[in-house]
Amino acid sequence: MKLVVAIFAAMALLPAAAAAAPADACDVPDTFTSSEIDLTQVTNAVKDTHRLNISVIGTTSSSLSDPDGARFAYPARLEDVLKQRLTGVEIKVTAHVQAKETTAEMAAGLEKILADDKPVLVIWQTGTADALSGVEPEDFRSSLDEGVDTIQTGGADVILMNMQYSPRTDSMLDVSAYADVMRWVGQQRSALLFDRLGIMHYWNDNGTFDLYAATKKYDMARRVHDCIGWALASQIINAAHLDAVRMQTTR
């Protein structure tokens, strides 16, 4: 139990890098934001209705704990970036964040979220709580697969978001098996994977953020979430071919 508490504490501080990020902090290789999987529901919604409803489902790493955290966490930043880049499209991002929920627990609430939000895209951030709780990878796969099926049957596209990268907890918690499961389920179900684990590893290795030097300063935590919002928006726009759709609708 002490190990679990220590890991959660370290990960809560994870995005708060110690050094200021350079101006191009949000840059990532195109391989992280390109995809061979199309977000057809998103494409059709923007083309036909000029609206885009997105639901984000996740745990505490999809939020920030400071008083104004909801405004600066990546779901809100994603909404802001999409509004900037998709002018003339009504964008709404609704976040459903519950601490320490496993994939099975989140999957149980998917039908209600689909009915209430009526999203055309669901971004499902998961995996860390399962690893910390010792959920067997096969049970994790089964819950994830069933959840993705529920979302797609409900008429929405899916983006699976994997874990944060933390050099501070890497040796204490091996999430590789869960990350592999998420990639496999995504491939089998034609669901996009937002490789947050790989992106944050890239930022750390390239000196964009020092993810080892944890601090309680909120400004850098906000910066990391801001960059995640930008990268996620790029992946959505690319996979839904929204630049091309907007060109067609403005002719």
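## Worked exercises on a predicted model

Among contacts in the protein between residues at least 6 apart in sequence, 83% join residues at least 24 apart. Keep in mind that this is a predicted model. Here are some exercises to try with the structure open.

**Exercise 1. Work out how many helices and strands the protein has, and what share of its residues is buried.**

Solution. Start with the secondary structure: you should find twelve helices and five strands. Next, go through the accessibilities of the 251 residues, and buried ones come to 50%. Finish with the surface, where the protein exposes about 11,700 Å². Carbon and sulfur atoms supply 48% of that area.

**Exercise 2. Compare the span of helix α11 with its expected span, then decide whether α11 is enclosed or open.**

Solution. Step one is the length: α11 covers residues 218-239, which is 22 residues. Step two is the span, and first C-alpha to last C-alpha gives 32 Å. At 1.5 Å a residue you'd expect 32 Å, so the helix is close to that value, given that the expected span uses one less than the number of residues. Step three is burial: 16 of the 22 residues of α11 are buried, so the helix is largely enclosed by the rest of the structure.

**Exercise 3. Find the residue with positive phi that follows α11, and say whether it is buried, partly exposed or exposed.**

Solution. Walk off the end of α11 and you get to H241, with phi near 55°. H241 isn't a glycine, yet its phi is positive. Its place is the loop between α11 and α12 (242-249). Now the accessibility: H241 has 42% relative accessibility, so it counts as partly exposed, the class between 20% and 50%. For another case, look at S190, also not a glycine, with a positive phi of about 55°. S190 sits in the loop between α9 and β5.

**Exercise 4. Describe the surroundings of L144 and of T33.**

Solution. Take L144 to begin with. You'll find it in helix α8 (residues 137-153). L144 has 0% relative accessibility, so it counts as buried. Skip residues up to four places away in sequence, and L144 touches T103, W124, T126, L160, V181, M182 and V185. Check M106 as well: L144 and M106 are 38 residues apart in sequence, with 9.4 Å between their C-alphas.

Now T33, which lies in the loop between α1 (2-13) and α2 (40-49). Its relative accessibility is 7%, and because buried means under 20%, T33 is buried too. Leave aside neighbours within four places in sequence, and T33 is in contact with V28, A231, S234, Q235 and N238.

**Exercise 5. Characterise the largest cavity and the second largest pocket by volume and lining.**

Solution. Cavities first: there is one of 30 Å³ or more. The largest cavity holds about 80 Å³ of space. Ten residues line it, with Q164, S166, T169, L173 and V175 nearest its centre. Sort that cavity lining by class and you get six nonpolar, three polar and one charged.

On to the second largest pocket, with about 250 Å³ of space. It has 14 lining residues, and the closest to its centre are S34, S35, R183, L192 and L193. Which elements each supply at least two residues of this lining? They are α9 (176-189) and β5 (192-194). The largest share, three residues, comes from α9. By class, the pocket lining splits into five nonpolar, six polar and three charged.

How values were computed. Residues numbered from 1 in each chain as written. Predicted model: local features only at pLDDT ≥ 70, side-chain atom pairs only at ≥ 80, totals over all residues. Heavy atoms only, no water. Helix = DSSP H or I, 4+ residues; strand = E, 2+ residues; numbered from the N terminus. Buried < 20%, exposed > 50% of the residue type's maximum accessible area, 1.4 Å probe, protein only. Contact = heavy atoms within 4.5 Å. Areas by Shrake-Rupley, 256 points an atom, 1.4 Å probe, with all protein chains shown as cover. 1 Å grid on protein atoms, 1.4 Å probe; cavity = no way out; pocket = protein on both sides within 12 Å on 5 of 7 lines; lining within 4 Å. Points joined across faces, edges and corners; volume = space filled by probe spheres on them. Nonpolar A, V, L, I, M, F, W, Y, C, P; charged D, E, K, R; others polar.
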